[in-house]
Amino acid sequence: MFRSALTKTGLSSAIAPKAARVGIAPVLARGYHENVISHYESPRNVGSLPKHDTDVGTGLVGAPACGDVMKLQIRVDESGIISDVKFKTFGCGSAIASSSYMTERVKGLTLEEAGKIKNTEIAKELCLPPVKLHCSMLAEDAIRSAIRDYRLKRSKLTEGQKSGFIDVTQSVISGETVATAHPGMPA
């Protein structure tokens, strides 16, 4: 989309001769890095997961300064590995690319590994310009928010269960030992 917008307007060809005489490369002709364009034109893992599922965590973050809003959802399997990731982003191409990259990056990782991903890694991989670094920060915030939501759901599930215990008694007279199991019960 970025490339096609530049070539359709004819701006890149109109500016290039003058820029060549001055000795600088025109910003419009350079545009975005191919990694951003790839994730923007063919975003990976777009969609939603059922937010009420107990194995799904949802992160919803936004940047009031630019209006970007990012929803990132993770599905975590029984062993704590992120098995599926989906996103929906309302924002610029860099925000969409950051979300798309993050979904590819975290799939197959543990929650701890995913939580350690920094915005600098995203910005470096996508070659984001300094003015677009807030997009990579949103992606970092979104994965952390999704992890926090998942953990909160899981803790509420376990809060509803009282721990089980085993009551062991021994008769003083006969010496017989009796163990009675008391499984966990709903609170």
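Me: Which pattern does the protein follow when read along the sequence?
Reply: The model considered here is a predicted one, and the protein in it holds eight helices and five strands. Read along the sequence, these elements follow the pattern α-α-α-α-β-β-β-α-α-α-α-β-β.

Me: In what order do the three strands of the open sheet stand?
Reply: The pairing in this open sheet is antiparallel, and its neighbouring strands are turned by 15° against each other on average, when direction is ignored. The three strands stand in the order β1-β2-β3.

Me: Which strands stand at the edges of this sheet, and why is one side of each left without a neighbour?
Reply: The sheet is open and has the order β1-β2-β3. Each edge strand has a single partner strand, so one side of it is left without a neighbour in the sheet. The strands at the edges are β1 (56–63) and β3 (82–90).

Me: Which residue of β3 is the bridge partner of Met 70?
Reply: Strand β2 covers residues 68–76, and eight bridges join this strand to β3, the two running antiparallel. For Met 70, the bridge partner in β3 is Thr 89.

Me: At roughly what angle do the axes of helix α4 and helix α5 cross?
Reply: Two packed helices are described by the angle between their axes and by the distance between those axes. Helix α4 spans residues 34–41 and helix α5 spans residues 93–106, and their axes come within 8 Å. Angles of 65 to 115 degrees count as roughly perpendicular, and α4 is indeed roughly perpendicular to α5. The axes cross at roughly 85°.

Me: How do the residues of the contact of α4 with α5 divide into nonpolar, polar and charged?
Reply: On the side of α4 the contact is made by Val 36, His 39 and Tyr 40, while α5 brings residues including Gly 93, Ile 96, Tyr 101 and Glu 104. Taken together, the residues of this contact divide into five nonpolar, four polar and one charged.

Me: Which helix lies across β1 and β2?
Reply: Helix α5 lies across β2 and β3, running at about 175° to β3. The helix that lies across β1 and β2 spans residues 133–159 and runs at about 145° to β1; this is helix α8.

Me: What percentage of the residues in the protein is buried?
Reply: The accessible surface of the protein comes to about 11200 Å², of which 58% belongs to carbon and sulfur atoms. A residue is taken as buried when its relative accessible area is under 20%. Of the 187 residues in the protein, the buried ones make up 33%.

Key:
Residues numbered from 1 in each chain as written. Predicted model: local features only at pLDDT ≥ 70, side-chain atom pairs only at ≥ 80, totals over all residues. Heavy atoms only, no water. Helix = DSSP H or I, 4+ residues; strand = E, 2+ residues; numbered from the N terminus. Buried < 20%, exposed > 50% of the residue type's maximum accessible area, 1.4 Å probe, protein only. Areas by Shrake-Rupley, 256 points an atom, 1.4 Å probe, with all protein chains shown as cover. Axes fitted to C-alpha atoms, helices over the stretch in contact; angles between N-to-C directions. Parallel < 35°, antiparallel > 145°, perpendicular 65-115°, else oblique. Contact = heavy atoms within 4.5 Å. Nonpolar A, V, L, I, M, F, W, Y, C, P; charged D, E, K, R; others polar. Pairing = 2+ DSSP bridges.
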